[in-house]
Amino acid sequence: METPALADLPEIVPIFPLPGVMLLPRAPLPLHIFEPRYRAMTRDALEGDGYIAMVQPSGEPGDDPVNPPVFQTAGLGRIAASERLEDGRYNMVLHGVCRLRLVAELPLKDGYRRVRADYAAFAHDLPPAAADAVAREALLGALGAFLERRNLKANWDEAAKASDEQLVNSLAMACPFGPREKQALLEAHDLAARAELLQALCELDAGGIANDNAPLH
């Protein structure tokens, strides 16, 4: 998918709040859309520019339990593939583009939420990350211990073929960390910082001391 220029990114974007789910640049995110308001969001995105931002609820108390407070950093994606089912549900794949800051929330549209977005702090997300930014062997070693502790398996052949960016971003999105850890991975400044944090989280968990209430370092 062609990389857009910063100036071409949408000023107003719908948000899809899901705990434990994030979207990073150039990573795919399959989604099944069934709730009526998000069907409307998907319909409008497909008829418009195709952009949707994934964001996590922050866990802070709010006045509206249906639309809880969300973190202020989200991941913008563009619909790369979609299928509308007979009953109105959608299957789709979002392709990660760039992170964004939520500047202001706008009135609901057909029940779904929209925000005014600012991308300036994340302009470096648009070009692919440089190679050799990640200590792959150390990261994969920590990942192996993490998976062994949780009785999970990895496709090591695919991991070996992946670029540094593909490897780190796909692992950050897929590993079963809590929402705060996921948010920290999303907000890491660049790929190298994200890889270091991912390795640290795997090592903490493999040591039996990581949990969603533990402080991040």
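Here are four short exercises with worked solutions on a predicted model.

**Exercise 1: a helix and its surroundings**

Task: Find which residues of helix H1 are buried, and which strands they pack against.

Solution: Start with the helix itself.
- Helix H1 covers residues 36–47, 12 residues in total. From first C-alpha to last it reaches 17 Å, close to the 16 Å expected at 1.5 Å a residue.
- Next, pick out the buried positions, using the cut-off of under 20% relative accessible area. In H1 these are Arg37, Tyr38, Ala40, Met41, Thr42, Asp44 and Ala45.
- Finally, look at what lies against them. The buried residues of H1 pack against strands S1 (12–17), S2 (28–33), S3 (51–55), S4 (73–84), S5 (90–109) and S6 (112–118).

**Exercise 2: following strand S5 through its pairings**

Task: Work out how many bridges join S5 to S2, to S4 and to S6, and locate the turns of the two hairpins.

Solution: Take the partners of S5 one at a time.
- S2 and S5 are antiparallel, with six bridges between them. As a landmark, look for His32, whose bridge partner in S5 is Asn91.
- S4 and S5 also run antiparallel, joined by 11 bridges. Here Ser82 stands opposite Met92 of S5. These two strands make a hairpin with five residues between them, and Gly88 in the turn has a positive phi of about 95°.
- S5 and S6 pair over six bridges, again in the antiparallel sense. Leu106 faces Arg114 of S6 as its opposite number. This hairpin has two residues between its strands, and Asp110 in the turn has a positive phi of about 50°.

**Exercise 3: mapping the nonpolar cores**

Task: Say how many residues the largest nonpolar core has, and which element gives the largest share.

Solution: Begin with the total, then trace where the residues come from.
- The largest nonpolar core has 42 residues. Those with the most contacts inside this core are Phe16, Leu31, Ile52, Leu94, Phe177, Leu185 and Leu198.
- Several elements each supply at least two residues: S2, H1, S3, S5, H2 (136–149), H4 (164–174), H5 (179–187) and H6 (191–206).
- The largest share, six residues, comes from H6.
- To see one member at close range, choose Phe177. Beyond its neighbours within four places in sequence, Phe177 is in contact with Phe146, Lys182, Leu185, Leu198, Leu201 and Cys202.
- A second, separate core has 18 residues, among them Leu9, Ala74, Val97 and Cys98.

**Exercise 4: classifying the aromatic pairs**

Task: Count the aromatic pairs, then decide whether the rings of Phe16 and Tyr38 are stacked, tilted or edge-to-face, and do likewise for Phe146 and Phe177.

Solution: Count first, then check the angles.
- Pairing requires ring centres within 6.5 Å, and the count comes to two aromatic pairs.
- For classification, planes under 30 degrees apart are stacked, over 60 edge-to-face, and the rest tilted.
- The ring centres of Phe16 and Tyr38 are 4.5 Å apart and the planes stand at 35°, so this pair is tilted. Because Phe16 belongs to strand S1 and Tyr38 to helix H1, the pair ties together parts that are 22 residues apart in sequence. Both Phe16 and Tyr38 are buried.
- The rings of Phe146 and Phe177 have centres 5.3 Å apart and planes at 45°, so this pair is tilted. Phe146 sits in helix H2 and Phe177 in the loop between H4 and H5, so the pair ties together parts that are 31 residues apart in sequence.
- As a last check, look at burial. Phe146 is buried with a relative accessible area of 0%, and Phe177 is buried with 12%.

Conventions
Residues are numbered from 1 along each chain as its sequence is written. This is a predicted model: local features need pLDDT of at least 70, side-chain atom pairs count only at pLDDT 80 or more; totals for chains, interfaces and linings use all residues. Side-chain values use heavy atoms; hydrogens and water are left out. Helices (H or I, at least four residues) and strands (E, at least two) are DSSP runs, numbered from the N terminus. The expected span of a helix is 1.5 Å times one less than its number of residues. Buried means under 20% relative accessible area, exposed over 50%, partly exposed in between (1.4 Å probe, protein chains only). Contact means heavy atoms within 4.5 Å. Two strands pair if DSSP finds at least two bridges between them. A nonpolar core is a set of buried Ala, Val, Leu, Ile, Met, Phe, Trp, Tyr and Cys residues joined through side-chain atoms within 4.5 Å. Rings of Phe, Tyr and Trp (its six-membered ring) pair if their centres lie within 6.5 Å; planes under 30 degrees apart count as stacked, over 60 as edge-to-face and the rest as tilted.
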